[in-house]
Each structure stands twice: as C-alpha cells, then as structure tokens.
Amino acid sequence: MELSKQQTASQKNRSYIIAENLGQLILTSAYLPDSILPSELELSEQFQASRTAIREAIKILAAKGMVLARPKIGTRVMPPSNWNFLDQDLLTWWSNIEEQSVVMEHFKMVRLAIEPQACYLAAIHATKEQKQSLQLLASEMQLLAKEFDRAHWVKVDYHFHLTIYKACANPFLISFANLFRSIYLRYFDVITNNEVIEVEIHQQLANAIIHGKSTVALDLCYNLLTITQKQD
C-alpha cells in the first residue's frame with residue numbers, strides 16, 4: 001500500500017530527527033571514527049522507527065560525509081576530515097553541542113581569512129543602493145553610540161557586514177555569509193557587552209567602500225577584526 005503524502009512527510013521528519021540524534025552522538029564521540037553503527041534492526045528498535053526511516057536517516061548522514069554505508073559491512077563512522085562542516089544541519093548540530101568558545105575560535109579564523117577580501121571586492125563592485133545601505137547602517141551605529149541598545153546593535157552590526165558580503169559580487173563569499181548567519185548573530189551577541197564596538201572604524205570602512213578605496217577597505221576590515229578578537 002502506498003503511503004499518503006502526509007505519511008511520507010511524517011516519515012521524512014522522523015528520519016531527520018533520527019539523523020540529528022545519530023549525528024550528535026557521532027559529534028560527541030559516542031560513536032568513534034571507524035566504528036560501525038548498530039545494525040538497521042537495532043537502530044529501528046532503539047528509535048522506535050521503521051527500517052525505512054532508519055535507512056533514510058543514514059542517507060542524510062552519508063550526504064554530510066559523516067558515515068559510509070556498505071553492504072555486508074555496515075555503516076562506518078567517517079573521520080571528521082570527511083565531514084562537511086559547511087552543511088547547514090551539521091554546522092547547527094556542532095555549534096549546539098560543542099563548547100561555544102571552540103566554535104567561535106574556528107569561526108574567527110575563517111572570518112579573518114575571508115572578510116577583508118569581501119571588503120576589498122565590495123569597494124570595487126558595490127552598487128549605489130548598497131553604498132547607501134552601508135552608510136545608513138554606519139549612521140545608525142553612530143546613533144547607537146549615543147543611546148545604546150544591545151539587541152539593536154547586534155542586528156545593525158550583522159546587517160552592516162552582511163551588506164558588505166552582498167556588495168562584493170562574489171557568489172561564493174555571499175553564500176558564506178548566508179550559510180553562517182546563525183553563527184554570525186551568535187558571535188556578535190557574544191562579543192557585544194554594554195557599549196558599541198569601534199564605531200569610527202566601521203564608519204571609516206563604510207567610507208572606503210563607498211569611495212572605491214579597495215586596499216584601504218581591506219586594511220580597515222583586518223584591523224577591525226583583529227581589535228574585536230582581542231576584546232572578546
């Protein structure tokens with residue numbers, strides 16, 4: 001008998017939940033690299049789910065590079081070097097269970113390597129509308145320096161940097177910013193205390209991009225990231 005659309009959707013949701021649970025067990029080393037996961041039947045009993053749901057969950061993990069299923073051998077846990085940490089699900093699972101400082105430290109290093117280049121390109125490719133948006137956000141930062149609102153600052157700071165990525169006209173860098181949205185917001189929330197962060201450098205960076213000074217924009221961004229890393 002064929003499953004109804006509702007039953008199929010429910011099974012897919014169930015498979016995702018199982019994949020998430022297994023993924024978190026792998027991330028926390030409950031299942032070590034090169035170990036073999038319990039059999040399909042054992043997992044079916046463990047999660048009180050159909051074997052079809054278990055198979056779909058394994059496929060989800062395999063697509064993320066976390067496991068490799070082989071006939072007559074079983075499902076082997078792959079080493080972290082195989083895992084796709086740019087996968088949105090895996091990134092979320094990891095950031096939710098790993099100590100926050102560890103995730104943020106890795107994120108800072110990636111950001112330091114990439115964002116100055118985005119600023120360099122934004123100074124070359126930014127449209128008139130993007131330049132206007134950047135100036136409005138920089139001006140809003142100036143206002144927040146006089147009347148600070150922490151939650152609003154985090155939002156404005158995030159959109160300032162997101163606008164730079166969008167203005168760089170590089171699809172890979174834009175995708176990077178979109179992919180790491182949740183971690184960006186979490187990072188800005190972590191480093192923001194009860195005052196604005198380097199408002200003048202943000203304004204100088206906006207000015208450099210608006211006036212097409214690419215090398216200046218790159219240097220200012222690098223300085224800004226270096227300063228904020230020392231503050232957190």
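Visitor: Which helix supplies the largest share of the lining of the largest cavity?
Guide: This is a predicted model, with local features needing pLDDT of at least 70 and side-chain atom pairs pLDDT 80 or more, while totals for chains, interfaces and linings use all residues. Helices 7 (150-167), 9 (181-191) and 11 (214-231) each bring at least two lining residues (helices are DSSP runs of H or I, at least four residues; strands are E, at least two; both are numbered from the N terminus). The top share there, three residues, belongs to helix 11.

Visitor: And how many charged residues line that cavity?
Guide: Residues count from 1 along each chain as its sequence is written, and side-chain values use heavy atoms, without hydrogens or water. The lining includes Arg111, Asp157, His161 and Phe188 (lining means an atom within 4 Å of a point on a 1 Å grid where a 1.4 Å probe fits but can't get out). Five of the lining residues are nonpolar and three polar, with Asp, Glu, Lys and Arg counted as charged. That leaves the charged ones at two.

Visitor: Over to the largest pocket: which helix gives most to its lining?
Guide: A pocket is an open set with protein on both sides within 12 Å along at least five of seven lines. Helix 2 (40-47), helix 3 (51-63), strand 1 (67-70) and strand 2 (74-77) each chip in at least two residues. The largest share, four residues, is from helix 3.

Visitor: Which residues lie nearest the centre of that pocket?
Guide: The lining splits into eight nonpolar, three polar and four charged residues. It has 15 residues, and nearest the centre are Glu40, Ile58, Ala69, Gly74 and Thr75.
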